[in-house]
Amino acid sequence: MAELDLADVPATSHPLDVVNVWGEDEPRPCLSVEDALANAPDRDGDFFRVPPGGAS
Amino acid sequence: MIDTLRLTAEGAKKLLDAKEVSGAELFAAYLDAIGERDPELHCYLHVCADPGGEGIPIALKDVIGTKGIPTTAGSRILEGYVPVYDSTVAARCKAHGLRFLGKTNTDEFAMGSSTENSAYGPSHNPWDPARVPGGSGGGSAAAVSGGLAPWALGSDTGGSIKQPSALCGNVGLRPTYGTVSRYGIVAFASSLDQVGPVAKTVRDCAFLYSVIAGRDPCDSTTVDAPEVVLPDGDDLKGLRVGIPTELNEHEAIEPGVRSAVRRAIDLLQQLGAEVGECSLPRSVDFGMPCYYLIAPAEASSNLARYDGVRYGFRSPHSDDRLAMYKRTRDEGFGDEPKRRILVGTYALSAGYYDAYYGQAQKVRTVIAREHADAFERFDVLVTPTSPTVAFELGGRTADPLAMYASDLLTIPSCMAGLPGLNVPCGLSDGLPVGLQLIGPQFSENVLFQTGHALERAIGFDFVPERLR
């Protein structure tokens, strides 16, 4: 592909010709804390729990 | 006695409407078939109990999130994961009364062309269990062709619905990008992934597409799709059919595949279509390298979420956080996702971004323009779907590039966001050959009409010979 001269060709990041899609900023129901934590490998109360430390 | 090998979804609906069978009897017939043949075919990663009701049963590829039903995407890193919400397509199926038979096998994260990359072992082709069913959605395709589901949903990034449908003798649609919601689907490459139907007939395929298609507020890349017209009749008068030379005469195409597709093109002419040649000079040669930069680049970003913190597998072999991330990914991901994460991360890295990812995005424009030019003169394009019939298990696992070549002919139109329909068009050495119909964006109804007419003219028997 490097051999092709495409200096004037625009990039395609997305196959459809759509631009911004707006939605109303309204509160909607969302996952409960219990549901959000249901698949957690480990938890501490309402938090995900991970091992301590390690390099930042 | 319900013959699940022969029963179409349309046929099942007639039996249910006429009360000739009950919903419970129908569901039980598929569970019996699964009990009988799935030990050999291994289509399912999870089988469901009958949820009750009178709707038609359906199987879902295991990348489709289902509330309360395990969803693994064929990966160890999602072993034991049980979604707490339904994907939009699962919710739409339920709203239509469809009942889930189970979750079907897939290459890990839908990365592959044979299901051999599944962490849970491969599926087998009902036409010859020594051969692959194709992939990544080989479990769905094999389930439909083996009579273990009347129809199924798959997902397609570079051919994962069309290619297994070809290898198993099914009708499979990759819809126009944006017509089906990706909300709740395990992401692979977000600018390419599309969910679509796998069925025994074009009419079933069209109907299932009508169930899942449409704009979804939860996926802002979706758009309104034209209303689906169930195909009827077989007159193709005036239809302009283009035969792209590079996708029909590629050296990788087997002679038996080439001649079956050639015969189908003759039939299209007899049905009234006007057939002409066209050219997509750069789409085939550059489609593969373009896909294998863009898809891994997007995958490397999407798969970063598997960190052992919020859901899925966590390596037990570490007391240290950073080591936990590393070991979780090392132990949780198989070879193919690791390979693509490495390639994708490299292609996106500073200093290489423009030369690899940026250039690939420009090639994507070139491919889309070539197709748009062809659609100035033609309504549909016809090519083989897969260059070969189903290959033997293990035949391509040692060479990733040989495996990638399975999708040589399906990838170009995927890059352009175009819909593609696989229609079985005959046998070669006793194995199904698939023909690919490609149309402009939102042309699903034309593909259904063409595919339906062709299906009737060909008279393909979708029941595998060894099971008749």
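**Exercise 1. Work out how chain A sits against chain B: how many residues of each are in contact?**

Start with the count: 31 residues of chain A are in contact with 42 residues of chain B, contact being heavy atoms within 4.5 Å. Before going on, note that this is a predicted model, where local features need pLDDT of at least 70, side-chain atom pairs count only at pLDDT 80 or more, and totals for chains, interfaces and linings use all residues. Residues are numbered from 1 along each chain as its sequence is written, chains are lettered from A and ligands numbered from 1 in the order in which they are written, and side-chain values use heavy atoms, with hydrogens and water left out.

Next, the area. About 3,100 Å² is buried between chain A and chain B, with carbon and sulfur atoms giving 63% of that; buried area is the accessible area (1.4 Å probe) that two parts lose on being put together, summed over both. On the chain A side, A:Met1, A:Pro15 and A:Asn39 lose the most area to chain B, together 23% of what that side buries.

Then the polar side of things. The rule finds zero salt bridges across this interface (a side-chain nitrogen of Lys or Arg within 4 Å of a carboxyl oxygen of Asp or Glu). It does find twelve residue pairs in polar contact, both at pLDDT 80 or more. A polar contact is a pair of N or O atoms within 3.5 Å; within protein, one must be able to donate a hydrogen and the other to accept it, and residues adjacent in sequence count only if both atoms are side-chain atoms.

Last, sort the chain A residues that touch chain B: 21 are nonpolar, six polar and four charged. Here Ala, Val, Leu, Ile, Met, Phe, Trp, Tyr, Cys and Pro count as nonpolar, Asp, Glu, Lys and Arg as charged, and the others, Gly among them, as polar.

**Exercise 2. Find the salt bridges: how many does the structure hold over all chains?**

The total is 22. One of them joins the side chains of A:Asp42 and A:Arg49, at 3.2 Å from N to O. Check the partners: A:Asp42 has a relative accessible area of 27% and A:Arg49 is at 43%. Both land in the partly exposed class, which sits between buried (under 20% relative accessible area) and exposed (over 50%), using a 1.4 Å probe and protein chains only. Over in chain B, B:Arg466 and B:Glu40 pair up at 3.1 Å, N to O.

**Exercise 3. Look for empty space: how many cavities of 30 Å³ or more turn up, and which residues line the second largest?**

Searching the whole structure gives three. On a 1 Å grid over the protein atoms alone, a cavity is a set of points where a 1.4 Å probe fits but cannot get out, while a pocket is an open set with protein on both sides within 12 Å along at least five of seven lines; lining residues have an atom within 4 Å of a point. Grid points are joined across faces, edges and corners, and a volume is the space filled by probe spheres set on the points.

The largest cavity comes to about 70 Å³, and B:Ala110 is among its lining residues nearest the centre. The second largest, about 50 Å³, is lined by B:Val63, B:Ala110, B:Ser155, B:Thr157, B:Ile185, B:Val186, B:Phe188 and B:Asp193.
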